[in-house]
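Please open the structure in your viewer and keep the selection panel at hand. The stops below say what to select next and what is found there.

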Amino acid sequence: MNFSELSELRPDLAFIAHWIKPKARILDVGCGDGVMLDYLQSDKQCAAYGIEIADDKVLACTQRRVNV
């Protein structure tokens, strides 16, 4: 996923992701479907992990290959 794809899906998360430096270590509490973590892993090469309580969102994260 690249920045324009993230901006199209979730402009609010793109705004936050813009502040994160490449290769940062990220813990996203309440990561939802993992779209921002997907971007951070693929485009910024971050070590990203998420915490999510909703089962359907956890499944969405795993389908995106996000560590949750």
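## First stop: the cysteines

Begin by selecting Cys46, which counts as buried because its relative accessibility is 7%. Bear in mind throughout that the model is predicted.

How far is the sulfur of Cys46 from the closest cysteine sulfur? That closest sulfur belongs to Cys31 and lies 15 Å away, which is too far for a bond. A search of the whole structure finds 0 disulfides. Cys61 is likewise in no disulfide, although the nearest cysteine sulfur, again that of Cys31, is 3.7 Å away; a disulfide would need the two sulfur atoms within 2.5 Å. Cys61 counts as buried, because its relative accessibility is 0%.

## Second stop: the segment after helix 4

Keep Cys61 and Cys31 displayed and add Val68, since both cysteines are among the contacts of Val68 once its neighbours within four places in sequence are left aside. On the same basis, Val68 is also in contact with Gly50, Ile51, Glu52, Val58 and Thr62. Val68 lies in the segment after helix 4, and at 40% relative accessibility it counts as partly exposed. If you draw a distance between the C-alpha atoms of Val68 and Glu52, you should find 7.0 Å, for two residues that are 16 apart along the chain.

## Third stop: the salt bridges

How many salt bridges does the structure hold? There are 3, and a useful way to find them is to select Arg64 together with Asp33 and Asp38, which are linked in a network of salt bridges.

The side chains of Arg64 and Asp33 meet at 3.7 Å, N to O. This pair links distant parts of the chain, with Arg64 in the segment after helix 4 (55-63) and Asp33 in the loop between strand 1 and helix 3 (35-42), 31 residues apart. Both partners are partly exposed, Arg64 with a relative accessible area of 27% and Asp33 at 25% relative accessibility.

The side chains of Asp38 and Arg64 also meet in a salt bridge, in this case at 3.9 Å, N to O. Asp38 lies in helix 3 and Arg64 in the segment after helix 4, so the pair ties together parts that are 26 residues apart in sequence. Asp38 is buried, with a relative accessible area of 15%.

For the salt bridge outside this network, select Asp12 and Arg10, whose side chains meet at 2.7 Å, N to O. Asp12 counts as partly exposed at 40% relative accessibility, and Arg10 is also partly exposed, with a relative accessible area of 34%.

## Fourth stop: helix 3 and its surroundings

Return to Asp38 and extend the selection to the whole of helix 3, which is mostly covered, as 6 of its 8 residues are buried. Which residues of helix 3 are the buried ones? They are Val35, Met36, Leu37, Asp38, Tyr39 and Leu40. To see what covers them, display the surrounding elements, which include helix 1 (3-9), helix 2 (11-17), strand 1 and strand 2 (47-51).

Two of these buried residues, Met36 and Leu37, lead directly to Asp28, which is in contact with both of them and with Tyr49, Gly50 and Ile51, when neighbours within four places in sequence are left aside. Asp28 lies in strand 1 (residues 25-29). In contrast to the acidic residues of the previous stop, Asp28 is buried yet has no salt bridge, and the nearest side chain of opposite charge, that of Arg10, is 8.9 Å away.

## Last stop: two backbone angles

Finally, turn to the loops and select Lys23, which is found in the loop between helix 2 and strand 1. Lys23 has a positive phi of about 65 degrees although it is not a glycine, and at 65% relative accessibility it counts as exposed.

Then move to Gln45, in the loop between helix 3 and strand 2. The phi of Gln45 is near 50 degrees, again a positive value in a residue other than glycine. Gln45 is partly exposed, with a relative accessible area of 46%.

Technical notes:
Residues numbered from 1 in each chain as written. Predicted model: local features only at pLDDT ≥ 70, side-chain atom pairs only at ≥ 80, totals over all residues. Heavy atoms only, no water. Buried < 20%, exposed > 50% of the residue type's maximum accessible area, 1.4 Å probe, protein only. Helix = DSSP H or I, 4+ residues; strand = E, 2+ residues; numbered from the N terminus. Lys, Arg positive; Asp, Glu negative; His and termini not counted. Salt bridge = Lys/Arg side-chain N within 4 Å of Asp/Glu carboxyl O. Contact = heavy atoms within 4.5 Å.
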